[in-house]
Amino acid sequence: MNLNRWTPYKFSNSKTAKNRVVVPAMASQTANEHGFVTDKTIEHYSRLGESQAGIIFVEYSYVHASGKSESHQLGVYADQQLSGLSKIAQTLHHGGALAGFQIVHAGGKTDRKMTGQSLLGASAVSVPVKDWTPEVPTEMSIEDIGAYIQWYVEAAKRAYAAGFDLVELHAAHGYGLNQWLSPITNHRRDEFGGSLENRLKLLVKIIHSIKTSVPGILISVRIPGQDHFPGGLSLQDMQRAVMTFEQAGVDLINVSSGIGGWRRPEGRSGEGYLVKDAAVIKQATSLPVIGVGGIVSGIAIDQMLLEEKLDFAAVGRAILEDPKDWSLKQLSPNRWEAAV
Ligand SMILES: Cc1cc2nc3c(=O)[nH]c(=O)nc-3n(C[C@H](O)[C@H](O)[C@H](O)COP(=O)(O)O)c2cc1C
């Protein structure tokens, strides 16, 4: 079949993305200080809906107050948030997109002023962040881990109840789940640390628990193709990780970057600067794979699909800037060259 960006994709539960363009999760800072949806949030997603993308992901939303990382971040930690979240799902469906919802716990990549509580990490290791040094988190106990899994499950239940088609576990960009996967931040000596298999265990438990409790929702995992940080997760580690996720019943893999953050890593340039990593990950799985990084043109997406580097292309900043006409603008592939 001659794939291009207009080719629909049918998931195992028959939900269909009408094309191969994805709007990735992008924090809008439009929630109120308790993480509730505001009118601005709805306006924002209504605008993104004009992109006509096949899947639109709602920004990273915190599953518990201890994992909040920005003051106007969206939250999904309480049932009272459901009515606002339902309005976003309706808005996205109205534009014809599948509605995705990204859930996160920041782990050690936040501070106590933001959360009002102590930081919870895989290990007592400060998370490497480019322009600041987070304080050392408290290593989570086995009881903490039980609660942590439950926060994710409750958040996925809420996403489903609000009408979302997919829930996305944010395991990239140095946030909580990335910290469990990465040898840089996971130094545990119990069954959740050490080997890659052990470091994957928490994520696998979350996936299994969501599948059991919310069987109707599709699960995406946003992963680092690699940490892009010395001593961090490698492409080979993440190939093994996606095999595990596929076995656990995940539906979609979204390949971004890791501990170094989402911005362009040193040494990468041009349109699709992280797609090279997505292509390597794709070789290890039969699941559909999303690639990302400075994608600004429909022609480039068609080419990446043809070369089987990805199954979906995520277009972030170009769509944010001009949801309706981004693909007609012929933006320079080097538009977002500044590496951070
Ligand atoms: C304003 C802004 C907010 C972002 N927030 C998130 C987020 O909530 N979750 C996430 O996984 N990535 C987030 N990202 C990263 C994007 O999803 C995407 O990976 C990145 O912008 C690179 O894609 P692009 O070159 O097409 O913009 C954000 C990016 C931007 C510009």
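The legends below describe several close-up views of a predicted model.

**View 1. The ligand and the residues around it.** The ligand is surrounded by 17 residues, and among these Ala25, Arg222, Gly294, Gly316 and Arg317 come nearest. When the residues of this shell are sorted by character, nine are nonpolar, six are polar and two are charged. The space that the ligand takes up is the largest pocket.

**View 2. Polar atoms facing the ligand.** On the backbone side, an N or O atom of Ala27 lies 2.8 Å from a nitrogen atom of the ligand, and a backbone N or O atom of Gly316 lies 2.8 Å from an oxygen atom of the ligand. His170 takes part through its side chain, in which an N or O atom is 3.2 Å from an oxygen atom of the ligand. Taken on its own, the ligand has 610 Å² of accessible area, and the protein covers 90% of this.

**View 3. Asn19 and the two backbone nitrogens that its side chain reaches.** Asn19 belongs to the loop that runs between strand β2 and strand β3, the latter made of residues 21–23. The relative accessible area of Asn19 is 4%, and because buried means under 20%, Asn19 counts as buried. From this position the side chain of Asn19 reaches the backbone nitrogen of Val21 at 3.0 Å, and the side chain of Asn19 also reaches the backbone nitrogen of Gly54, at 2.8 Å.

**View 4. Ser14, a residue with a positive phi.** Ser14 is found in the loop that joins β1, residues 9–10, to β2, residues 16–17. Although Ser14 is not a glycine, its phi is positive, at about 75°. The relative accessibility of Ser14 is 44%, so this residue counts as partly exposed.

**View 5. His173, another residue to examine for its phi angle.** His173 is placed in the loop between strand β8, residues 166–170, and helix α5, residues 176–181. The phi of His173 is near 60°, which is a positive value in a residue other than glycine. Is His173 buried or exposed? With a relative accessible area of 5%, His173 is buried. A second residue that may be followed in this view is Gly291, which stands 118 residues from His173 along the chain, while the C-alpha atoms of the two are separated by 15 Å.

**View 6. Pro265 and Asp227.** The place of Pro265 is in the loop between β10, residues 252–256, and α8, residues 275–282. The relative accessibility of Pro265 is 11%, and Pro265 therefore counts as buried. What is the distance in space between Pro265 and Asp227, C-alpha to C-alpha? These two residues are 38 residues apart in sequence, and their C-alpha atoms are 9.9 Å apart in space.

**View 7. Ser126 and Thr38.** Ser126 lies in the loop between strand β6, residues 120–121, and strand β7, residues 138–139. The relative accessible area of Ser126 is 23%, so Ser126 is partly exposed. Along the sequence Ser126 and Thr38 are 88 residues apart, and from C-alpha to C-alpha they are 33 Å apart in space.

**View 8. Glu139 and Asp39.** Glu139 is found in strand β7, the strand made of residues 138–139 that follows the loop holding Ser126. With a relative accessible area of 39%, Glu139 is partly exposed. Glu139 and Asp39 are 100 residues apart in sequence, and the distance between their C-alpha atoms in space is 38 Å.

Key: Residues are numbered from 1 along each chain as its sequence is written. This is a predicted model: local features need pLDDT of at least 70, side-chain atom pairs count only at pLDDT 80 or more; totals for chains, interfaces and linings use all residues. Side-chain values use heavy atoms; hydrogens and water are left out. A residue is near a molecule or strand if one of its heavy atoms lies within 4 Å of it. A polar contact is a pair of N or O atoms within 3.5 Å; within protein, one must be able to donate a hydrogen and the other to accept it, and residues adjacent in sequence count only if both atoms are side-chain atoms. Accessible areas come from the Shrake-Rupley method with a 1.4 Å probe; for residues, only the protein chains shown count as cover. On a 1 Å grid over the protein atoms alone, a cavity is a set of points where a 1.4 Å probe fits but cannot get out, and a pocket is an open set with protein on both sides within 12 Å along at least five of seven lines; lining residues have an atom within 4 Å of a point. A molecule sits in a cavity or pocket if more than half of its atoms lie within 2 Å of its grid points. Ala, Val, Leu, Ile, Met, Phe, Trp, Tyr, Cys and Pro count as nonpolar, Asp, Glu, Lys and Arg as charged, and the others, Gly among them, as polar. Helices (H or I, at least four residues) and strands (E, at least two) are DSSP runs, numbered from the N terminus. Buried means under 20% relative accessible area, exposed over 50%, partly exposed in between (1.4 Å probe, protein chains only).
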